[in-house]
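Please look at the packing of helices, at one core position and at the charged pairs in the model shown here.

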Amino acid sequence: MVSLKHLISLLVFEVVAILPVILIIYWGHKFAGGFSWVEKSFNKFNYHPVFMIIGFVFVMGHSVISFRILPLGHRTKKYIHASMNIIAAIFVIAGLVTVFQFHAEHEFPDLYSTHSWLGLATVSLFFLQLLGGLSIFQDLVKGANDEVRGAYKPWHVVAGISMVTLVAVSICTGIQEKYLFMKNDNFSATAYTMNFLALSIFMWVFTVIYILVAVEKQTPQDPENEVVSFDNNDIDNKAHDD
């Protein structure tokens, strides 16, 4: 039985996860000239923030909270978690291809700004997390026993929470950078839209971290996932939690 706390947390998350997607698409259509994949079109860049926000905020966000929110068996949640991260990776790669193509077509320099450096750090950590998770928790590497998983789990969890924060900082620095490039008036509709987008990202981070810290997991016991703890005191499932 899903508790009221879980339902409310999920509802709030869905709102703060979809809101940035709506705002960035609205910004692209209303204030940035729309979207175009035509070579050397300046509107090609507008796909970059859309792909990144969909990948990191919406899809990866669902992946991060899946272990806390979903009232499913642990093994099922593992597959959902991994699948959503792979989908997020597709969007992230599309976002990277977009921005590097755009820079190449217009002979703009790459990786010179604070946003690009933070973005590179975020993407690197994301793919390291994806590789580590698939290798150790999805049994792609033979020999990744319960002891190895238990040792790796704290690093995986901390890196995941850190990545949520990095995503927010990267997006907000990107918003500020793009706003300065557009040279709009301080109190223009564009400014308000981008400011609301930044606030929605902040609300997303707060909600995700709240769910990770304050919402209890609802996982029916999977007998096949039980493992005897290393000190032989009781059944310890922590090695399988992620």
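The report below covers a helix pair, a valine and the salt bridges of this predicted model.

**Helix pair**

Helix α1 spans residues 4–30 and helix α6 spans residues 189–214. Their axes come within 9 Å and cross at roughly 155°. An angle over 145 degrees counts as roughly antiparallel, so α1 is roughly antiparallel to α6. The crossing in which α1 passes α6 is left-handed. Sorted by class, the residues in the contact of α1 with α6 are 20 nonpolar, 5 polar and 1 charged.

**Val164**

Val164 belongs to helix α5, which covers residues 146–182. Its relative accessibility is 0% and the cut-off for buried is under 20%, so Val164 counts as buried. With neighbours within four places in sequence set aside, Val164 is in contact with Met60, Val64, Trp204, Val205 and Val208. For one of these partners, Trp204, the separation from Val164 is 40 residues in sequence and 9.2 Å in space, taken from C-alpha to C-alpha.

**Salt bridges**

How many salt bridges does the structure hold? There are 2, and the table lists them with the distance between N and O atoms.

| Pair | N to O distance | Separation in sequence |
|---|---|---|
| Glu216 and Lys5 | 3.7 Å | 211 residues |
| Lys44 and Glu105 | 2.7 Å | 61 residues |

The pair of Glu216 and Lys5 joins distant parts of the chain. Glu216 is in the segment after α6, whereas Lys5 is in helix α1. Are the two side chains buried, partly exposed or exposed? Glu216 has a relative accessible area of 47% and is therefore partly exposed. Lys5 also counts as partly exposed, because its relative accessibility is 33%.

In the other pair, Lys44 and Glu105 have their closest N and O atoms 2.7 Å apart. Lys44 sits in the loop between α1 and α2 (47–69), and Glu105 sits in helix α3 (residues 74–106), so this salt bridge ties together parts 61 residues apart in sequence. Both Lys44 and Glu105 are buried.

Helix α1 thus appears in two parts of this account: its axis comes within 9 Å of that of α6, and its residue Lys5 pairs with Glu216 in the segment after α6.

Conventions
Residues numbered from 1 in each chain as written. Predicted model: local features only at pLDDT ≥ 70, side-chain atom pairs only at ≥ 80, totals over all residues. Heavy atoms only, no water. Axes fitted to C-alpha atoms, helices over the stretch in contact; angles between N-to-C directions. Helix = DSSP H or I, 4+ residues; strand = E, 2+ residues; numbered from the N terminus. Parallel < 35°, antiparallel > 145°, perpendicular 65-115°, else oblique. Left-handed = near helix turned anticlockwise from the far one by under 90°. Nonpolar A, V, L, I, M, F, W, Y, C, P; charged D, E, K, R; others polar. Buried < 20%, exposed > 50% of the residue type's maximum accessible area, 1.4 Å probe, protein only. Contact = heavy atoms within 4.5 Å. Salt bridge = Lys/Arg side-chain N within 4 Å of Asp/Glu carboxyl O.
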